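Visitor: I've got a model open and a pile of labels to make sense of. Can you walk me through what earns each one?

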Amino acid sequence: AKAAGKGRFAVFDAQRDARQTARYRLGAQLPRALERGEFFVLYQPIVRLPDGFPVAAEALVRWRHPEHGVLAPGQFIHLAEDNGMIAELGRFVLEKACRQAEAWRRRDPARAPSVSVNLSPRQCADEGLAGEVDRVLRETGLPPERLQLELTESAVIEGHRSPESLRELSALGIRLALDDFGTGYSSLAYLRTLPVDALKLDRSFAEGLRGGEGLDGVDARIVAALTQLARALTLTVTVEGVETAAQAYRLARLGCELGQGLLFGGPGPAGAAGPLDAAAEPD
Ligand code: C2E
Ligand code: CA
Ligand code: CA
Ligand code: CA
């Protein structure tokens, strides 16, 4: 029995080693993948809840891997964080997204969506971040108020970003959003000190509004309270993961302004149908 147990562990070890090797190889491929143009950006609409009008789009990166097909960020962002490639990858996404948003604006300034870009913890920690963002805005011509950066509380903490260094970003005239709000540490304390303009409520809140509890369930009451809090602090609230019309209706009733989720459209190419159409930046 003891020998069999040992053998089983050996199998687990071998599987773990194989996984680690695969991860290592994927990470090691990142620099060349960037050179070869294997990364691209999809855009997911962020809509006004009452009427579904897309006021913004979140940029979501993908890797078209020659062997593994299209990879989602969950499969490679942490690798880029670990091996230092995140700075370059982040710069690529930021430039791409800003150029795209400027193309939308040129086409139809009144109706064009703004763009929202995710920052990883390492990017947040980068001393040169504000200078970098400023440079990209100048080079692309995108007005700062059309760019939002999404950061998680953990990114702020792990990146040791002080309110002052975030204020440097904020001073550029861009918007800052706290992503995955409600899942992290001491959310409310951060609202007092960070110069944020928007909250993105994690999709677990939308999930809680799927059921038959109507507007009386605990998630509904939390969403209503957070929305009121946000209004008092003049923050915009976006709810993520809206998948059904019933959820959208309830969220709008609870006072949420903006929604994002499969109901309104998943991540898609910039040239896909809808008000974002036909103004795709050439690759
Ligand atoms: P996130 O910022 O919370 O982005 C939302 C994720 O939820 C996206 O996954 C999106 O495709 C997915 N989603 C959208 N609507 C729905 C819905 O109705 N239901 C469900 N179940 N999911 C929905 P994606 O594109 O795989 O991105 C995953 C995470 O990777 C993002 O989470 C973000 O944290 C990170 N990420 C994406 N792009 C970038 C990037 O350019 N830079 C960095 N640093 N992180 C990125
Ligand atoms: Ca996000
Ligand atoms: Ca999120
Ligand atoms: Ca999330």
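Guide: Let's begin at the ligand: an oxygen atom of ligand 1 is 3.0 Å from an N or O atom in the side chain of Asp179. The model is predicted, so local features need pLDDT of at least 70 and side-chain atom pairs pLDDT 80 or more, while totals for chains, interfaces and linings use all residues. Residues are numbered from 1 along each chain as its sequence is written, chains are lettered from A and ligands numbered from 1 in the order in which they are written, and side-chain values use heavy atoms, with hydrogens and water left out.

Visitor: What makes the side chains of Glu58 and Lys200 a polar contact?

Guide: A polar contact is a pair of N or O atoms within 3.5 Å; within protein, one must be able to donate a hydrogen and the other to accept it, and residues adjacent in sequence count only if both atoms are side-chain atoms. The Glu58 and Lys200 side chains come in at 2.8 Å, so the pair qualifies.

Visitor: Why are Glu58 and Asp179 called buried?

Guide: Buried means under 20% relative accessible area (1.4 Å probe, protein chains only). Glu58 has 4% and Asp179 has 7%, so both get the label.

Visitor: How do you know which residues are donors to the calcium ion (ligand 2)?

Guide: For Ca, donors are N, O and S atoms within 3.2 Å of the metal (2.8 Å for metals other than Na, K and Ca); water is not among the atoms, so sites may look incomplete. Glu58 (OE), Asn118 (OD1), Glu150 (OE) and Asp179 (OD) coordinate this ion at 2.1 to 2.3 Å, so they pass. Along the chain they follow the spacing E-x59-N-x31-E-x28-D. Glu58 sits in strand β2 (residues 54-65) and Asp179 in strand β6 (residues 175-181), 121 residues apart; strands here are DSSP runs (E, at least two residues), numbered from the N terminus.

Visitor: What does Asp179 bridge?

Guide: Asp179 bridges the calcium ion (ligand 2) and the calcium ion (ligand 3), which lie 3.8 Å apart.

Visitor: Which residues are closest to ligand 1?

Guide: Of the 22 residues that surround ligand 1, the closest are Gln44, Arg62, Asp179, Glu243 and Leu262. An oxygen atom of ligand 1 is 2.9 Å from an N or O atom in the side chain of Arg62. Strand β2 gives the largest share of the shell, 4 residues.

Technical notes. Buried < 20%, exposed > 50% of the residue type's maximum accessible area, 1.4 Å probe, protein only. Near = heavy atom within 4 Å.
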